[in-house]
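Please consider the structure shown here. What can be learned about its helices and strands by working through them step by step?

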Amino acid sequence: MRHRLTVPSVAAACLLLAVPASAADATPGAPGIGDSYYPSYGNGGYDVSHYDLRLKYRPATDRLEGTATILATATQDLSRFNLDFALEVSEVLVGGRKAEFAASGDHELEITPAAPLDSGRPFTVVVRYRGTPSKVRVNGFTAWLRTPDGGVAANEPEAAWWWFPSNDHPLDKATYDVSVAVPDGSQAISNGTLRSTSSRLGWTRYTWRSSRPQATYLATLAVGRFDITTDTTANGLPVVNAYSKDLGDNAGAARASVERTAEVAGWLSGVFGPYPFDALGGYVPNVPTGYALETQTRPFYSPRQFGGGSNVSVVVHELAHQWYGDSVSVKDWRDIWVNEGFARYAQWLWSEKEGDGTAQELADYVYAQHPAEDAFWTVKPGDPGPQNQFHAAVYDRGAIALQALRNEVGDEDFFAILKGWPTERRYGNGSVRDFEAYAEKVSGRPLGAVFDTWLFTASKPAAPAARATGVGAKVTAARPKSWRAIHATDTVHGHPAR
């Protein structure tokens with residue numbers, strides 16, 4: 001019996017030689033970006049540069065249809081990659097070719113392109129989808145809020161899953177075009193500037209553009225019937241504020257607060273440096289929630305924020321986030337202090353400006369009102385843990401840390417730090433330790449003891465340690481006048497019911 005040596009044909013050999021080395025080396029992107037609190041949030045293997053969302057929404061049924069076009073660049077040789085998403089997907093294209101896709105877990109969309117994607121190469125993903133967002137529950141809740149006349153997407157740290165597929169983590173920011181068709185008589189509010197409106201066959205399409213890098217949780221959408229006010233700032237930036245027509249008794253207080261947005265942003269520019277975006281405003285939909293959120297350029301406010309009357313302090317809080325949280329975002333969700341401590345401290349500075357209590361008086365009062373055995377002191381604002389991410393200690397003890405820093409370095413260096421950080425890291429990310437290092441660089445002082453005392457110690461700093469940083473000398477400190485308005489915002493970032 002003879003054995004024949006099998007040799008590939010010339011055509012087959014050429015085909016084998018034509019396969020790029022990267023195709024053989026391609027691997028799936030990680031199903032999480034590596035966050036210490038939320039390991040499944042975000043994805044590895046690519047960076048998004050732009051989201052183009054073309055949507056159609058029916059308020060009566062809460063039915064959403066969409067086509068998302070995502071521009072991204074592979075950061076490794078990719079055989080497969082994930083998007084964070086929870087609605088029903090009908091088709092996915094990668095580079096214009098149909099791709100295989102499958103739902104995985106509770107918010108992962110696994111996509112396998114027709115051919116591997118080379119590292120460093122840009123690619124385009126088109127996802128067609130539909131669903132009823134308010135009926136989709138992930139981890140027991142929905143971040144899509146129904147209103148009597150529509151719906152709202154606004155939540156932290158997750159909101160995008162219910163209305164567009166994304167790489168859902170602040171480390172991957174992008175620009176946005178959001179175009180939404182709604183029945184005539186309804187309006188669609190989103191981030192940035194309104195580029196156009198057009199009507200056809202009973203539908204009106206609103207097209208919004210966010211031209212500066214924006215984290216996914218900061219993207220927002222509200223559909224309903226709104227009273228809309230427009231203006232421009234002294235620098236020519238467009239201001240768009242929107243109020244549901246059915247806010248009832250809270251309508252006047254909401255307007256009296258949110259209509260001061262341009263004034264507050266102008267004052268904050270003197271504290272934190274130039275406003276980082278090309279539009280501003282706010283919106284108050286008729287939702288039953290009690291929280292507010294710093295959705296980029298257009299913060300979301302619940303009507304209950306104004307149940308006790310006008311509250312400019314909550315506007316100060318959310319607008320402060322445009323610098324601390326939006327322009328400069330967290331590297332990891334454990335770094336939440338670089339968002340919330342500063343937004344709370346901005347409220348203290350506003351109180352100081354208005355003559356309603358100085359930041360020092362507020363710091364002394366917080367220190368005095370919580371005894372050593374209070375669980376308040378067991379939360380470390382510099383790393384509070386996912387269950388305490390929005391605990392009062394992150395806000396109040398976090399703001400004490402800034403007052404202690406101010407006392408340590410003096411006003412000149414302190415306010416240089418407040419302006420310099422969002423300037424140096426504009427549109428980027430930062431951690432608690434990054435901020436500590438920056439403060440040490442500007443002040444020329446070692447500051448580890450200050451940060452460890454107020455941000456990383458799971459107990460009340462003893463009187464000597466507190467007084468060494470200029471806090472707690474007045475152990476019987478009287479309650480500052482601004483206290484009630486500031487703490488009316490204590491649920492400012494509380495989750496909706498889960």
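The questions and answers below concern a predicted model.

Q: Is helix α5 largely enclosed or exposed, and how many of its residues are buried?
A: Helix α5 covers residues 312-320. Buried means under 20% relative accessible area, and Val312, His317, Glu318 and Ala320 are among the residues of α5 that meet this condition. The helix is therefore largely enclosed by the rest of the structure, the count of buried residues being 9 of the 9.

Q: Which residue caps the N-terminal end of α5?
A: The contact involves the backbone nitrogen of serine 313. A side-chain oxygen lies 3.0 Å from that nitrogen. The oxygen belongs to asparagine 311.

Q: What percentage of the span of residues 311-454 is helix?
A: UniProt, in an unreviewed entry, places the feature "domain: Peptidase M1 membrane alanine aminopeptidase" at residues 311-454. The end C-alpha atoms of this span lie 28 Å apart. Strand accounts for 3% of the span, and helix for 62%.

Q: How many bridges join strand β5 to strand β9?
A: Strand β5 comprises residues 88-94, and strand β9 comprises residues 122-131. The two run antiparallel, with glutamate 91 opposite arginine 128 in β9. The number of bridges joining β5 to β9 is 6.

Q: Which residue takes a positive phi in the hairpin of β5 and β6?
A: Strand β6, residues 97-98, runs antiparallel to β5 and is joined to it by 2 bridges. Leucine 93 stands opposite lysine 98 in β6. The hairpin has 2 residues between the strands, and the one with a positive phi near 60 degrees is glycine 95.

Methods:
Residues numbered from 1 in each chain as written. Predicted model: local features only at pLDDT ≥ 70, side-chain atom pairs only at ≥ 80, totals over all residues. Heavy atoms only, no water. Buried < 20%, exposed > 50% of the residue type's maximum accessible area, 1.4 Å probe, protein only. Helix = DSSP H or I, 4+ residues; strand = E, 2+ residues; numbered from the N terminus. Polar contact = N/O pair within 3.5 Å; in protein donor to acceptor, adjacent residues only side chain to side chain. UniProt positions renumbered as here; feature names shortened; annotations may be inferred. Pairing = 2+ DSSP bridges.
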